[in-house]
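This briefing sets out selected features of one protein chain, grouped by topic. Please read it alongside the sequence and the structure shown below.

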Amino acid sequence: MPEITSLSLTVGEGAEAREIALLVRPGTGPCVVWLGGFRSDMTATKATALDAWAAEKGRAALRFDYSGHGGSGGRFEDGTIGSWTEDALAAIEAHAGPAPVLVGSSMGGWIALLVARRMARPPSGLVLIAPAVDFSEALMWDRFSEEVRAEILETGRWLRHSDYAPEPYPITRRFIEEGRDHLLLGGPIRVGAPIHILQGMRDPDVPWEHALRTVERLAEDDVVVTLIKDGDHRLSRDEDIARLLEAVDGVAS
């Protein structure tokens with residue numbers, strides 16, 4: 001079994017330069033790239049399961065942490081959708097080879113679509129897990145109370161409590177405003193590759209209706225949607241992992 005290699009990569013220049021951490025597994029076939037969610041990292045359950053699958057199949061695989069996440073440098077609150085998309089594109093261009101398979105979870109689903117549109121060649125396929133496309137606007141700003149919006153606009157940040165972490169995390173004005181430069185749901189989304197979406201119907205963070213709204217915008221691509229009736233946002237149960245690996249195997253073969 002080929003050994004996994006831990007690397008770092010410099011993204012950006014000058015004051016904007018940041019070091020991101022990567023885990024690269026050599027192998028055959030289109031490289032399978034993991035794009036994690038908001039405040040997640042490359043050692044999380046689904047990412048680790050995907051790497052184990054790649055090792056068993058002898059497939060090339062790439063995991064990385066966005067700046068401000070996991071083992072990468074930088075502060076989380078300095079990150080934006082644009083900077084994290086740049087991190088992803090740099091990692092893919094440096095280590096994923098031509099036409100990789102992009103596997104994006106939650107925010108990673110949005111970033112996977114943004115990356116796919118900027119790649120020199122279309123990816124071989126995409127697997128999106130509860131894709132949180134446009135979430136900074138549609139699932140955050142549009143749902144925030146007037147009091148929260150006012151705090152963000154006046155102070156530049158708001159601390160949001162989460163069921164997934166013991167400490168609140170900052171949502172910055174810059175994050176919200178910069179995210180508007182990358183919104184996709186206002187028009188057609190063209191990827192040029194097959195897409196499989198896995199979506200839990202008991203997901204409180206990315207409602208299944210939001211996933212179907214994304215599908216409507218992917219009218220020109222071959223899209224399969226698996227709705228998991230009792231599935232939550234994480235989709236990290238054994239049966240959910242099995243569905244994920246089956247979906248990846250389907251688009252990566």
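A nonpolar surface patch is made of residues with over 30% relative accessible area and no salt bridge, their nonpolar side chains (Val, Leu, Ile, Met, Phe, Trp, Tyr) being joined within 5 Å. The model is predicted. The points below begin with such a patch and proceed to the cores, a strand pair, a loop glycine and the salt bridges.

**Nonpolar surface patch**

- M201, V225 and L227 make up a nonpolar patch of about 200 Å² on the surface.
- M201 is placed in the loop between strand 9 and helix 7.
- M201 counts as partly exposed because its relative accessibility is 31%, and the patch cut-off is over 30%.

**Nonpolar cores**

- In soluble globular proteins, nonpolar side chains tend to be buried together.
- Here the largest nonpolar core comprises 58 residues, and the members with the most contacts inside it are F38, L102, F135 and I171.
- Helix 3 (residues 107-118) supplies the largest share of this core, namely eight residues.
- Beyond its neighbours within four places in sequence, F38 is in contact with H69, F76, W84, M107, F135, M140, Y169, I171 and F175.
- A second core, separate from the largest, has 22 residues, among them V32, I129, A247 and A252.

**Strands 7 and 8**

- In a regular strand the side chains alternate between the two faces of the sheet.
- In strand 8 (residues 169-172), Y169 and I171 point one way while P170 and T172 point the other way, and all are buried.
- Of these, I171 is also one of the residues with the most contacts inside the largest core, and both Y169 and I171 are in contact with F38.
- Strand 8 pairs with strand 7 (residues 157-160) in the antiparallel sense, over four bridges.
- T172 in strand 8 is the bridge partner of R157.

**A buried glycine in a loop**

- G36 lies in the loop between strand 3 (28-35) and helix 1.
- G36 counts as buried because its relative accessible area is 6%, and the limit for this class is under 20%.
- Apart from neighbours within four places in sequence, the contacts of G36 are Y66, S105, M107 and G108.
- M107 is likewise in contact with F38.
- The C-alpha atoms of G36 and S124 are separated by 19 Å, the two residues being 88 residues apart along the chain.

**Salt bridges**

- The count of salt bridges comes to 15.
- One of them joins the side chains of D51 and R25, at 2.9 Å from N to O.
- This pair links distant parts of the chain, with D51 in helix 1 (residues 45-57) and R25 in strand 2 (residues 18-25), 26 residues apart.
- D51 counts as buried at 10% relative accessibility, and R25 counts as buried at 9%.
- D78 and R75 also meet through their side chains in a salt bridge, at 2.9 Å from N to O; D78 is partly exposed, with a relative accessible area of 39%.
- E220 and R190 form a salt bridge in which the closest N and O atoms are 2.9 Å apart.
- E220 is in the loop between helix 7 (208-217) and strand 10 (223-228), and R190 is in the loop between helix 6 (173-179) and strand 9 (195-200), so the pair ties together parts 30 residues apart in sequence.
- E220 counts as exposed at 54% relative accessibility, whereas R190 counts as partly exposed at 47%.
- D230, R237, E239, D240 and R243 are joined into one network by salt bridges that share partners.

Notes: Residues numbered from 1 in each chain as written. Predicted model: local features only at pLDDT ≥ 70, side-chain atom pairs only at ≥ 80, totals over all residues. Heavy atoms only, no water. Salt bridge = Lys/Arg side-chain N within 4 Å of Asp/Glu carboxyl O. Helix = DSSP H or I, 4+ residues; strand = E, 2+ residues; numbered from the N terminus. Buried < 20%, exposed > 50% of the residue type's maximum accessible area, 1.4 Å probe, protein only. Patch = residues over 30% accessible without salt bridge, like charges linked within 9 Å, V, L, I, M, F, W, Y side chains within 5 Å. Areas by Shrake-Rupley, 256 points an atom, 1.4 Å probe, with all protein chains shown as cover. Pairing = 2+ DSSP bridges. Core = buried A, V, L, I, M, F, W, Y, C linked by side-chain atoms within 4.5 Å. Contact = heavy atoms within 4.5 Å.
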